[in-house]
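Me: I've just opened this structure and want to talk it through. Where do we start?

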Amino acid sequence: MVKAQKKIDAVIPAGKSEIRKVHDFGANDKARFPLNGKPMVEYVVEAVRASELVGQIALTVPVGTDCSRLEDKVDKIFFTDRPLVENIEMAVRYLLDSDYILLTSSDLPLLDSGVVDSFIRKCLAGGEADLYYPIMRKEELLKEYPETRRTFVRLKEGSFTGGNLALVRPEIILNNLKVFERLYDQRKSPWGMARILGLSCALKLVVGILTIEEAEKRVSKSIRGRGKAVITREVEIGMDVDKKEDLILVKNVLSMRERKEMPQVSC
């Protein structure tokens, strides 16, 4: 097993979430949607648990959640009905001795350990930063998953979409909870996120001349640390389930994966 040079632990917030367009799939929230026999969050937990570079895992779930399938796969479960940002704070404080926290959403069922490790290695190979955030080129994501519908941002270097992982120093999370909460609330709106980072940033984004470096500088100023965008080809990081169409797509992909993994029986 390859050991990380840094102590990296993971936080997976899987609290109550708004279902919006996917009510007819029969679950109270996205994290516990049944996908081919197991809840969506379990795919994420298994991917992070199998990582060569992640140590402890802290999971947050609503009060009363049946975690019998997960309790042996994580190190700490917090049962809480608090808002998302408070759940993240609780879990991060449990992991304060970490060099970095891998923060991942609970609705990434296409995630696997190879994707997790590749992202972490790219982060640590790119120089010291306090916050690493993945972005993916539009053409690469659509080449792999042409049916998907995502929000893309036009920067000077091309069109990108963001991912649902981040590698962050724990003190940066704790010192910027309000900033992260505002960015999370606007995560589906490039214009809303740009406004948080400043008027000049927003105006440049509108006309497509904002550079990645300029965006990094604005993020760094907002968090009072160094923020760095990581361009990755691991497009599964951006395949969160937010709509009925997303759910259908990931179910089909998971079914194809399972068929490929089934042993071939010869007559």
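Me: Is Y100 buried or exposed?
Reply: Y100 is buried, with a relative accessible area of 0%. Buried means under 20%, exposed over 50% and partly exposed in between (1.4 Å probe, protein chains only).

Me: What about Y132, buried or exposed?
Reply: Y132 is buried too, at 1%. This is a predicted model, where local features need pLDDT of at least 70 and side-chain atom pairs 80 or more, while totals for chains, interfaces and linings use all residues. Numbering runs from 1 along each chain as its sequence is written, and side-chain values use heavy atoms, without hydrogens or water.

Me: OK, and how much of the whole protein is buried?
Reply: 50% of its 267 residues.

Me: What secondary structure does it have?
Reply: You'll find 10 helices and 11 strands. They are DSSP runs (H or I, at least four residues; E, at least two), numbered from the N terminus.

Me: New topic: how many aromatic pairs are there?
Reply: Two turn up in a search of the whole structure. One is F78 with Y94, an edge-to-face pair with 5.9 Å between centres and 80° between planes. To pair, Phe, Tyr or Trp (six-membered) ring centres lie within 6.5 Å; planes under 30 degrees apart are stacked, over 60 edge-to-face, the rest tilted.

Me: Which parts does that pair tie together?
Reply: F78 sits in strand 5 (residues 76–79) and Y94 in helix 2 (residues 84–94), so the pair links parts 16 residues apart in sequence. F78 is buried at 13% relative accessible area, whereas Y94 is partly exposed at 35%.

Me: And how are the rings of Y100 and Y132 arranged?
Reply: Their planes are at 55° and their centres 5.8 Å apart, so that pair is tilted. Y100 belongs to strand 6 (residues 100–104) and Y132 to strand 7 (residues 131–137), so this one ties together parts 32 residues apart in sequence.

Me: Which residues touch the most others in the largest nonpolar core?
Reply: Out of its 50 residues, they're V54, L59, L102, L111 and L167. Such a core is a set of buried Ala, Val, Leu, Ile, Met, Phe, Trp, Tyr and Cys joined through side-chain atoms within 4.5 Å.

Me: Which element gives the largest share?
Reply: Helix 1, with seven residues.

Me: What does L102 touch?
Reply: Leaving out residues up to four places away in sequence, its contacts (heavy atoms within 4.5 Å) include I8, V11, V54, V116, F119 and L167. There's also a second, separate core of 17 residues, with F78, V92, I101 and A166 among them.
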